[in-house]
Amino acid sequence: MSTEGGVRAWVEVRGAALRRNARRIQEAVGPDVALIPVVKADAYGLGADRAVAVLEDLDPGGYAVATVQEGGDLRARGVTRPVFVLAPVPAGAMERAVREGLTLSLSDSEGVEALRAAAFRAGRTASYHLEIDTGMGRAGLDWRRVDRWKREVDPGGDGGVRWAGCFTHFHSADDPDSASMTLQWERFQDALRSLAPLPTGDFRIHACNSPAALRIPGYGADAVRPGIFLYGGRPGQGLPLPEPVVALRARITLIRDRPPGSTVGYGATYRARGWERWATISAGYGDGIPRALSNRGEVLVRGRRAPVVGRISMDMTVVDITHVPGAAVGDVATFIGMDEGSAITLEEVAEWADTINYEVLTGLSARLPRIWIEEGTG
Ligand SMILES: *Cc1c(COP(=O)(O)O)cnc(C)c1O
């Protein structure tokens, strides 16, 4: 493995694979649908700065984030494309959003009034997309109450706010049974019809996250908002697999042969069955390795699987390498990714931890350097 010997643990990110995954989504929905890569939570933990640099090659229709801070960070890095904030924001954050030229998502007339006030204070026009809640339930105007919106808010656009788009979000696009998607899509279409006439010109209608864009490309509308697929996360059953993008690695810093009955870790939850060889790896839950992998997960050492023994500590994990010939201090252990032809997938780790690939990625802590690898061209 590469990297300097001094780095104890790190995340490897393959930029070319990220770029190819983004192209796959673009190809699935066709060239007329804008790609709006979702780079919230620091590009799912990989590093939004570098992710954006890689994704610029695709000439995206903008970027999506979850918070005003994240949008401001993109602006500070020189991103001039549209930046869309997917989640509702506190009214107190709106003025900054307007100054940064971010497009907010709004769910109600109170939101529009708050944005109007913020635009006035900032002395700039603000733009927003109206979210329609078709069943996700966490944000958006209820699809059954669209008439109310028309009457009370008058989206005709005045006083410094511009209505720039409309979107919804599918709750079960990862499910091979797409019946709920169809239902949500119909609700969305009903809402759009009730809202007609929609503003013309630069107005965007969008609905799809990664699994939705791949499952029913026809729902691509004007733009799609893929996240997990770009970063190598499997989007759901029956869908194309992305190329792996992320590897999580750490060094073996100690190896000891332990006599039968030796215990390891807090709570002494594991006991050596015979003579066993244990390797101490320099990463733990403080690095984002799910503690749920204690006595459960595995890592790759020299291409072989070594089981985690005992509880994972904040900074260290111990694995049994009794059956790994030649393992030595300084070797690199792989928690996620390929090693000598073997692989542990993100999804396997998520399953051990009883969670989803998204949470594993976004849980990788700031302590781990992100090492971006560019192999040739994408
Ligand atoms: C996070 C998010 C996405 C991206 O979803 P993926 O499943 O990661 O592709 C798209 N739209 C909204 C509203 C989101 O919150």
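This report covers the domain layout and the unusual backbone geometry of one protein chain. The model is predicted.

**Domains.** The domain assignment splits the chain into two named parts. Domain 1 covers 15-224, and domain 2 covers 246-344. Their C-alpha centres are 42 Å apart.

**Backbone reference.** Most residues other than glycine have a negative phi, and most peptide bonds are trans. The sites below depart from these patterns.

**Cis peptide.** The bond between A196 and P197 is cis. Its omega is about 0°. P197 sits in a loop, with α8 (179-195) on one side and β9 (204-208) on the other.

**Positive phi.** Y44 is not a glycine, yet its phi is positive, near 55°. Helix α2, residues 40-44, contains Y44. D354 is also a non-glycine residue with a positive phi, about 55°. D354 belongs to the loop that links α10 (346-352) and α11 (357-362).

**Accessibility.** Are these residues buried or exposed? Buried means under 20% relative accessible area, so Y44, at 6%, is buried. Exposed means over 50%, so D354, at 68%, is exposed.

| Residue | Phi | Element | Relative accessible area |
|---|---|---|---|
| Y44 | near 55° | helix α2 (residues 40-44) | 6%, buried |
| D354 | about 55° | loop between α10 (346-352) and α11 (357-362) | 68%, exposed |

In brief, Y44 is a buried residue in helix α2, whereas D354 is an exposed residue in a loop. The cis bond joins A196 to P197.

Key:
Residues numbered from 1 in each chain as written. Predicted model: local features only at pLDDT ≥ 70, side-chain atom pairs only at ≥ 80, totals over all residues. Heavy atoms only, no water. Domains from an automatic or database assignment. Helix = DSSP H or I, 4+ residues; strand = E, 2+ residues; numbered from the N terminus. Buried < 20%, exposed > 50% of the residue type's maximum accessible area, 1.4 Å probe, protein only.
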